[in-house]
Structure formats: C-alpha cells, structure tokens
Amino acid sequence: MKKGLGVLKYGFVLLIVLLSLGPFLWVLMASFKTNTEILNNSLGWPSSFRFSNYVMAFKIAPLSRFYINSVIVGIFGTLLNLLLLGMAGYVLARFQFRFKNLLMGAFSLSLLIPGAAMLQPLYLTVNTLGLYDKVIGLIIVYAGFGLPVSLYILSSYFLTIPKGMEESAYLDGASFIQTFFRIILPISKPGFGTAGVMQFLLCWNEFQFAIILTTGNQSRTLPLALYYFKSQFASDYGVMFAATMVVIVPSILVYILLQKQVVSGLAAGAVKG
C-alpha cells in the first residue's frame, strides 16, 4: 500500500514537471529549427543547433532597445516599489492607528479591480503629467500596480520579527528610520526577496499597460516586441520562437537565483500573515 502511494506521489510530481518544462523545452528546441523542421517534425530534435534565428530576431526588431527598456523598468520599478512599500508595510505591521483596517480593506479590494478598468483613467493621468511614452511613466505605473501584493507580503513578514529587537534599538537611542534601515531591513531579506521577485516579474512580463502608455520603440518593452513578431512575422516560426526565448529566459533566471528567498519569505509570512 505504501509502495503504491509512493509510486503515485512520484508519478504526480513527474507529471507536474513535464507539464511545466515541456512547453519551455519545445520552444527552446524550435528556436534552433528551420520552418521546414518545425512543420514536418515539431517534436523532434533540430538537425543542428543554429543561432541564425536569434541573429535574425535582433535584426528584424529592435530587441536590444526593448531589452534595455525592460531591464531599466524592471530594476527601478522593483526598487521604487520595495522602498515605498517596505516602510509602509512596516508601519501597518507594527503600529495601531485610526482607519487602519479600512486602509487594509481598500488594498484588498484593489486586487479585485481588473487592469482593463484602469486603462482610460491611467492613460489620462499619465498623459496629463507628461509621462506618456516615457520609461519613467512605466516605472511609476508598475510600482503602483504592484502595491497590494508587495504590501501584504512585506507586512506579513514583518509580523514574524520579534518586537524585542526594535525595543532594544529604541533603548539604545536609535530613531525610527535608523531602526528600520539598520535592524529591520537586514533581517527582512527573504520578505523583500519574495516581493522583489513578484514585482520584477510583473514589470518584465506586463503587456496591457505598456502598449497603451507607449507609442514608439524608444520606450517599449520586450513583451511588445514579441507581439510585433506574432503579428508581422508569424510565418517565420523559428525566429518567433527565438524571440520568445529572449523574452522569457531572464525572468526564469531571476526566479531561479532568488527561489530560496521566495520560499523562505512566503513560508515565514504565512506564520502570522
């Protein structure tokens, strides 16, 4: 009986792994194939690992410009989000004040608002502020859009930190700012790692706001470049799959590098969050 359950358990895990890695490996193999190989033998190995599809992808579309924009938006959108919401989450976790529950409820309700419902007011606001078709506009929008998720992750993690550490710092004469940056921030790396990965993936993969708030190649990000391939160069499947790999690999690498912080941050935040 136990042996049968063990086989069933490992079989289920193997199925999940295949469902997760299967599409990725198929796209990876297809990015090295010609159109003929993809159409005639879609599940087979490529006859040779040629990088001509990747070279052609960078020639067809301004992927280098989009790549730089995505890196800038991802890094600064994440840093701005964590800087502002780190302190906000700490205040919500540690202090009691009027309308605190109402404020938390408002943040919870904001998770239910679809992004499409915010497109028009967001477009008008960004355009009025002179941030339309600018990278800084995307950075600010993404930092705000990830507010509820980052806030709940960080505030939940702060609840797991013993108050005695802060009280000792206050007794030694440390101010609120000094306590946060010198005591709380260093021991909250798992929480910030979790929120940071979530926010970076949002900045890197977001498509809807990027296509509405930008109009030229100077400010657009990689997801829009992929849409560009799908619409105009759909017949060249090898190049399209190569562009797909260029878009998705960085986000996968970020998650792999920070997966320990993500797991420990979510596990710790679940204790009291």
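Partly exposed, in this talk, means a relative accessible area between the buried limit of 20% and the exposed limit of 50%. Phe-176 sits at 26%, so Phe-176 is partly exposed. Keep in mind that this is a predicted model.

Let's start with the rings. Phe-176 pairs with Phe-95. The centres are 6.0 Å apart, with 55 degrees between the planes. That pair is tilted. Where do the two partners, Phe-95 and Phe-176, lie? Phe-95 is in the loop between α4 and α5, and Phe-176 is in helix α10, residues 176-187. They are 81 residues apart, so to speak distant parts of the chain linked by one pair. Phe-95 has 35% relative accessibility, so Phe-95 also counts as partly exposed.Now the wider count. The structure holds 18 aromatic pairs. Take one of them, Tyr-90 with Phe-158. The ring centres are 5.6 Å apart. The planes meet at 85 degrees, and over 60 counts as edge-to-face, so this pair is edge-to-face. This pair, too, links distant parts of the chain. Tyr-90 belongs to helix α4, residues 63-94. Phe-158 belongs to helix α8, residues 147-158. The separation along the chain is 68 residues.

Are these two rings buried or exposed? Tyr-90 has a relative accessible area of 1%, so Tyr-90 is buried. Phe-158 also comes out at 1%, and is buried.

Both pairs belong to one cluster. Ring pairs link Tyr-90, Phe-95, Phe-158, Phe-176, Phe-180, Phe-181 and Phe-192.

Next, helix α8. How many of its 12 residues are buried? Nine, so α8 is mostly covered. Among the buried ones are Pro-148, Leu-151, Ile-153, Leu-154 and Tyr-157. Phe-158, from the edge-to-face pair, is on that list as well. A quick geometry check on α8. At 1.5 Å a residue, its 12 residues should span 16 Å. The end C-alpha atoms are 16 Å apart, which agrees.

On to the pockets. The largest pocket has about 440 Å³ of space. Its lining has 22 residues. Which of them are closest to the centre? Met-118, Val-141, Gly-144, Phe-145 and Gly-146. Four elements give two or more residues to this lining: α6, α7, α8 and α11. The largest share is five residues, from α7. By class, the lining has 15 nonpolar and seven polar residues. There are no charged residues in it.

The second largest pocket has a volume of about 180 Å³. Its lining includes Thr-78, Leu-79, Leu-82 and Leu-83. Phe-192, a member of the ring cluster, is in this lining too. Gly-193, Gly-196, Val-197 and Phe-200 are also among the lining residues. Val-254 and Leu-258 take part as well. Which elements supply at least two residues here? α4 and α11. α11 gives the largest share, five residues. The class split is eight nonpolar, three polar and no charged.

One last spot, Ser-48. It lies in the loop between α2, residues 35-40, and α3, residues 52-60. Ser-48 has a relative accessible area of 33%, so Ser-48 is partly exposed. Its C-alpha atom is 7.7 Å from that of Lys-33. Along the chain, Ser-48 and Lys-33 are 15 residues apart.

Conventions. Residues numbered from 1 in each chain as written. Predicted model: local features only at pLDDT ≥ 70, side-chain atom pairs only at ≥ 80, totals over all residues. Heavy atoms only, no water. Phe/Tyr/Trp six-rings, centres within 6.5 Å; stacked < 30°, edge-to-face > 60°. Buried < 20%, exposed > 50% of the residue type's maximum accessible area, 1.4 Å probe, protein only. 1 Å grid on protein atoms, 1.4 Å probe; cavity = no way out; pocket = protein on both sides within 12 Å on 5 of 7 lines; lining within 4 Å. Points joined across faces, edges and corners; volume = space filled by probe spheres on them. Nonpolar A, V, L, I, M, F, W, Y, C, P; charged D, E, K, R; others polar. Expected span 1.5 Å × (residues − 1).
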